[in-house]
Amino acid sequence: VMSILLHGDAAFAGQGIVYETFHLSDLPSYTTHGTVHVVVNNQIGFTTDPRMARSSPYPTDVARVVNAPIFHVNADDPEAVVYVCNVAAEWRSTFHKDVVVDLVCYRRNGHNEMDEPMFTQPLMYKQIRKQKPVLQKYAELLISQGVVNQPEYEEEIAKYDKICEEAHARSKDEKILHIKHWLDSPWPGFFTLDGQPRSMTCPSTGLNEEDLTHIGQVAS
């Protein structure tokens, strides 16, 4: 088992729980023997320039408190990202310490469906609109290197789209959602057959007074 935590850049720099978990990371009673922290760093958090949001150059600087290695990688270069993730996994496996992968990237659309980023970040979003998406950039690179050709690339895209479309069509046949579909419970007796929780009653766990007196006298 390997612990992987996924963070946003603003949350990583700004949430106390990140700092707290780093300080738990090497305690004998709490350690996961190394967590891989992946920071999806779109460089503006929600809408705020980093210089207005934190005092250090990188959102990942908080990881320096435990001397975790921090890899900053250009997320437009998939092979560099895979390489860095392999190094992070090897570090964790060898030294059992936390490691951070900072994916330096951008968010093409708004923070959510209500958000138009041109209002708050017009200069950045003018640049983003000119930027080729990472899939297109990588495909052009592979085609130029002769690794794949255009028809093979288009076939892969069509194959993936088909998987998504078929799953979307199947999802419409589901009329009822049960709790058990969302919880991978290791206790088969925890839910009834239709997926609802059983009643939470417990059998009596009390002891008689004689046993309690005996335990109290032995303990004290």
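These notebook entries record what I looked up in one predicted model of a protein chain.

**Entry 1. Overall make-up**

I began with the secondary structure. The protein chain has eight helices and four strands. Read from the N terminus, I noted the order of elements as β-α-α-β-α-β-α-β-α-α-α-α. I then turned to the chain as a whole. Of its 220 residues, 21% count as buried. The accessible surface of the protein chain is about 16,200 Å², and carbon and sulfur atoms account for 59% of that surface. I also looked up how contacts are spread along the sequence. Among contacts between residues at least 6 apart in sequence, 63% join residues at least 24 apart.

**Entry 2. Helix 6 against helix 7**

I next examined a pair of helices. Two packed helices are described by the angle between their axes and the distance between the axes. Helix 6 covers residues 134-144 and helix 7 covers residues 150-171. Their axes come within 10 Å and cross at roughly 145°. I recorded the crossing of helix 6 and helix 7 as right-handed.

Which residues of helix 6 and helix 7 meet? From helix 6 I listed Leu135, Ala139 and Ile143, and from helix 7 Gln150, Tyr153 and Ile157. The residues of this contact divide into five nonpolar, one polar and no charged. The polar one is Gln150, because glutamine does not belong to the residue types that count as nonpolar or charged.

**Entry 3. Salt bridges**

How many salt bridges does the count come to? I noted eight salt bridges, and I looked up three of them.

In one of them, Arg51 pairs with Asp49, with the closest N and O atoms 3.0 Å apart. Arg51 counts as exposed at 63% relative accessibility, whereas Asp49 is partly exposed at 22%.

In another, the side chains of Arg64 and Asp61 meet, with 3.4 Å from N to O. I asked of each partner whether it is buried or exposed. Arg64 is exposed, its relative accessible area being 54%. Asp61 is buried, its relative accessible area being 14%.

The third entry is the salt bridge of Lys159 with Glu156, whose closest N and O atoms lie 3.2 Å apart. Lys159 and Glu156 are three residues apart in helix 7, so about one helical turn separates them. Lys159 is partly exposed at 43% relative accessibility, and Glu156 is partly exposed at 47%.

**Entry 4. Thr60**

I then looked for the place of Thr60. Thr60 sits in the loop between helix 3 (50-53) and strand 3 (70-74). The relative accessible area of Thr60 is 0%, so this residue counts as buried. Which residues does Thr60 touch, leaving aside those up to four places away in sequence? I listed Phe12, Val39, Ile70, His72, Val100 and Asp102.

**Entry 5. Positive phi values**

Lastly, I looked up two residues with a positive phi. His33 has a phi of about 60° although it is not a glycine. His33 is in the loop between helix 2 (16-24) and strand 2 (35-41), and is partly exposed, with a relative accessible area of 46%.

Gln43, also a residue other than glycine, has a positive phi near 75°. I placed Gln43 in the loop between strand 2 and helix 3. Gln43 counts as partly exposed at 33% relative accessibility.

Notes:
Residues are numbered from 1 along each chain as its sequence is written. This is a predicted model: local features need pLDDT of at least 70, side-chain atom pairs count only at pLDDT 80 or more; totals for chains, interfaces and linings use all residues. Side-chain values use heavy atoms; hydrogens and water are left out. Axes are lines fitted to C-alpha atoms, for helices over the stretch in contact, and angles run from 0 to 180 degrees between N-to-C directions. A crossing is left-handed if the near helix is turned anticlockwise from the far one by less than a right angle, and right-handed if clockwise. Contact means heavy atoms within 4.5 Å. A salt bridge is a side-chain nitrogen of Lys or Arg within 4 Å of a carboxyl oxygen of Asp or Glu. Buried means under 20% relative accessible area, exposed over 50%, partly exposed in between (1.4 Å probe, protein chains only). Accessible areas come from the Shrake-Rupley method with a 1.4 Å probe; for residues, only the protein chains shown count as cover.
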